[in-house]
Amino acid sequence: MKTEWDYTDLAKAYLKRATYSADAIDRLFELGNISPDSQACDVGAGVAHLTKELLKRQLKVIAVEPNDEMRKYGKLETQDEPKVSWFEGTGENTGQADNYFDLVTFGSSFNVTDRLVTLQETKRILKDKGWFACMWNHRDLDDPFQSKIEDVIKSHIDGYSYGSRREDQTDIINQSGLFEEVHYIEGNIDHMQSREDLVEAWRSHATLERQAGDKFPQIIDAIQALVDAYPEDKIKVPYTTRMWCAQLK
């Protein structure tokens, strides 16, 4: 079961990416009254960043991921966790049972689905009054070093866009007519990376790769030059986890 974009060559690099803000996830749990042993479905689970956060909070998790390589690393990351199972599936077709989950999550994956179809599928697998949540980690583009990286990208790509991953998701959720009030939650996290890991993370940036085309190697080389000139061995990358969540009607 494959999707429009193939993440196979990027999977290992995803291991170097930041996890999600614990504060933001905790606020979701408080808002939704999500308790230990609740059933969660993490859709587009990738290499298990969000899956592991759910497991830390004692949820029973089914991780759904369409890409074989991503799923392989996700399984390795959670191999000692008894409360998780992995399945091949997509946001539009999870392959999961009707009315089963208390919580359905999308960590940096909702934007690569047909969102209205995905919301219908989410409704199908959620229990009555269950919760939906989608979230992304957005780099702080006001940070001086991140601003330099943005300048590099925009100097090579006219009209570079992060697409729907940086959009407010409220309208599309409301358009579905399936959910109660949409809540917005955010939380900050500082991700410390080695020089090598930061460049490797950019090599895994699918949105950039798609828009850059044959300019992608040049952009990576320019980012590498910025990293080489950075005065410290570890680089702080500030993120904001931005989340939209809502309860099923």
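Which residues are buried in helix 5 (residues 115-125)? In this predicted model, the buried residues of that helix are Arg115, Thr118, Leu119, Glu121, Thr122 and Ile125. Viewed down the axis of helix 5, these buried residues fall within an arc of 160°, so they line one face of the helix. The elements against which they pack are strand 1 (39-43), strand 4 (101-107), strand 5 (126-139) and helix 7 (170-176).

Thr118 illustrates the setting of a residue in helix 5. Its relative accessible area is 0%, and Thr118 is therefore buried, the limit for that class being under 20%. The side chain of Thr118 makes a polar contact with the side chain of Thr113, at 3.0 Å. When residues up to four places away in sequence are not counted, Thr118 touches Gly91, Glu92, Phe106, Phe110 and Thr113. Two of these names, Phe106 and Phe110, recur in an aromatic cluster, where ring pairs link them with Phe132 and Phe179.

The aromatic residues deserve separate attention. A pair of aromatic rings is described by the distance of the centres and the angle of the planes. The structure holds nine aromatic pairs. One of them joins Trp136 and Trp244 in an edge-to-face arrangement, with 6.0 Å centre to centre and 65° between the planes. Trp136 belongs to strand 5 and Trp244 to strand 7 (residues 234-247), so the pair ties together parts that are 108 residues apart in sequence. Both partners are buried: Trp136 has a relative accessible area of 0%, and Trp244 has a relative accessibility of 4%.

Rings also take part in arrangements with charged side chains. Arg57 lies over the face of Phe29, at 5.9 Å from the ring centre. Lys72 is placed over the face of Tyr73, at 4.7 Å from the ring centre.

Phe29 leads on to the nonpolar interior. The largest nonpolar core has 24 residues, and Phe29 is among those with the most contacts inside it, together with Leu28, Leu54, Leu59, Val61, Leu103 and Met243. At least two residues of this core come from each of helix 2 (22-32), helix 3 (49-56), strand 2 (60-64), strand 3 (84-87), strand 5 and strand 7. Helix 2 gives the most, with four residues. Apart from this core lies another, of 23 residues, including Phe145, Ile157, Phe216 and Ile223.

What surrounds Val61, leaving aside its neighbours within four places in sequence? Val61 is in contact with Ala40, Asp42, Thr51, Leu54, Leu55, Lys83, Val84 and Ser85. Leu54 also appears, like Val61, in the list of residues with the most contacts inside the largest core.

Strand 5 offers a further point of reference in Met135. Is Met135 buried or exposed? Met135 is buried, with a relative accessible area of 0%. Not counting residues up to four places away in sequence, Met135 touches Tyr20, Leu50, Phe106, Gly107, Ser108, Thr241, Arg242 and Met243. Phe106 is also touched by Thr118 of helix 5, and Met243 is one of the residues with the most contacts in the largest core. Along the chain, Ser147 is twelve residues from Met135, and the C-alpha atoms of the two are separated by 22 Å.

Terms used: Residues numbered from 1 in each chain as written. Predicted model: local features only at pLDDT ≥ 70, side-chain atom pairs only at ≥ 80, totals over all residues. Heavy atoms only, no water. Buried < 20%, exposed > 50% of the residue type's maximum accessible area, 1.4 Å probe, protein only. Arc of directions from axis to C-beta. Contact = heavy atoms within 4.5 Å. Phe/Tyr/Trp six-rings, centres within 6.5 Å; stacked < 30°, edge-to-face > 60°. Lys NZ or Arg CZ within 6 Å of the ring centre and 35° of its normal. Core = buried A, V, L, I, M, F, W, Y, C linked by side-chain atoms within 4.5 Å. Polar contact = N/O pair within 3.5 Å; in protein donor to acceptor, adjacent residues only side chain to side chain.
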